[in-house]
Amino acid sequence: GDRAVDWSRGVRACMMAWLGRGSLGRLASQAARLSRSGFCGASPVNERTAALAAAAAGACKPLPYSGLVGTPGAGGWKAPPSPTQLSKVVKLETFAGQTPKYIAETWLKYHEDESQGRVGWVLNKQEYKQLKRNTAECPLFIIPLEKPEGYVTLVLQWQNQLALFTTLDEFRTHPNNATSHLTVTHYTELAAKKDVVLVRGDVQTPKLINAFEARMLLQRAYQYYLHPDKYARWVKTFNHASTQFDFKLYIKELGFAT
């Protein structure tokens, strides 16, 4: 069944280190000590990854923003909002004799209604294979979300078939129980035979992230993890070459005023 969802202590250490901006060596050491707790009840964040991410976070220079945050969680929700098995979402026999194009179009059509608080996406098998390699190598990233009054910085963590977004500001106020405001589930059951990986994003806090913004966040996440140049320059640098990560330059590339 679905397992409890919780931000690992290693990830909390990484982001709190960013907020504190202490020495990189101290931050890395702290994250390594705290990285033994698993995220989503799955494989723990390994110490080397946590240490590198903490160092990267400490090297960032986040800019001020409006302070907009989501509703603080009281421990967050205890299971992913959507089932983690595709058979619990759709009848798989419906797609048995259909083409990949038909399946993709049907899935996206089903998720067009933004009032349901869900968005759809489709990847092919090769894209998902590359995504898994890259997210295993670089499980953390930051993505700013445009708002009329500025922007809010979101923390993204990948774990198995899930991608979770929380706010950086919520780590400041609730470091032990940050809520996932957007939860993304990847369904691989049709990948082998149909060459499609179906993706569903569930909006948890509509006042912070609406369905339109959720689609933009998905697009941006895949863009930076699947485009070789962007992945190498930004994501890999953030995780593995912290002193070279330039937050101001990153958001400038995204079109934000600096």
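User: Let's start with strand 5. How many bridges join strand 5 to strand 6, and in which sense do the two run?

Analyst: Happy to walk through it. In this predicted model, strand 5 and strand 6 (residues 197-203) run antiparallel and are joined by 6 bridges. To find your place in that pairing, look for Val184, which stands opposite Gly201 of strand 6.

User: Which other strand pairs with strand 5?

Analyst: Strand 4 (residues 162-167) does, over 4 bridges and again in the antiparallel sense. A handy landmark here is Phe165, with Leu182 of strand 5 opposite.

User: Which residues point each way from strand 5, and are they buried or exposed?

Analyst: Leu182, Val184 and His186 point one way, while Thr183, Thr185 and Tyr187 point the other way; all are buried. Taken as a whole, strand 5 (residues 182-187) is mostly covered, with 6 of its 6 residues buried.

User: What does Leu218 contact beyond its neighbours in sequence?

Analyst: Leaving aside the residues within four places in sequence, Leu218 is in contact with Val119, Trp121 and Val184. Leu218 is found in helix 8, and Val184 is one of the residues of strand 5, so this contact links that helix to the strand we just discussed. Leu218 has a relative accessible area of 3%, which is under 20%, so it counts as buried. You can also check Gly201: its C-alpha atom is 8.1 Å from that of Leu218, although the two are 17 residues apart along the chain.

User: How should I read a pair of packed helices, such as helix 8 and helix 9?

Analyst: The general idea is that two packed helices are described by the angle between their axes and the distance between the axes. Here, the axes of helix 8 (residues 211-226) and helix 9 (residues 228-240) come within 5 Å and cross at roughly 90°. Helix 8 is therefore roughly perpendicular to helix 9. On the helix 8 side, Gln223, Tyr224, Tyr225 and Leu226 make the contact; helix 9 brings Pro228, Lys230, Tyr231, Trp234 and Val235.

User: What classes of residue make up that contact?

Analyst: There are 7 nonpolar residues, 1 polar and 1 charged.

User: And how do I place these details in the whole chain?

Analyst: The chain has 10 helices and 6 strands. Of its 258 residues, 51% are buried. Among contacts with a separation of 6 or more, 68% are between residues 24 or more positions apart. The accessible surface comes to about 11800 Å², and carbon and sulfur atoms account for 51% of it.

Terms used:
Residues numbered from 1 in each chain as written. Predicted model: local features only at pLDDT ≥ 70, side-chain atom pairs only at ≥ 80, totals over all residues. Heavy atoms only, no water. Axes fitted to C-alpha atoms, helices over the stretch in contact; angles between N-to-C directions. Parallel < 35°, antiparallel > 145°, perpendicular 65-115°, else oblique. Contact = heavy atoms within 4.5 Å. Nonpolar A, V, L, I, M, F, W, Y, C, P; charged D, E, K, R; others polar. Buried < 20%, exposed > 50% of the residue type's maximum accessible area, 1.4 Å probe, protein only. Pairing = 2+ DSSP bridges. Areas by Shrake-Rupley, 256 points an atom, 1.4 Å probe, with all protein chains shown as cover.
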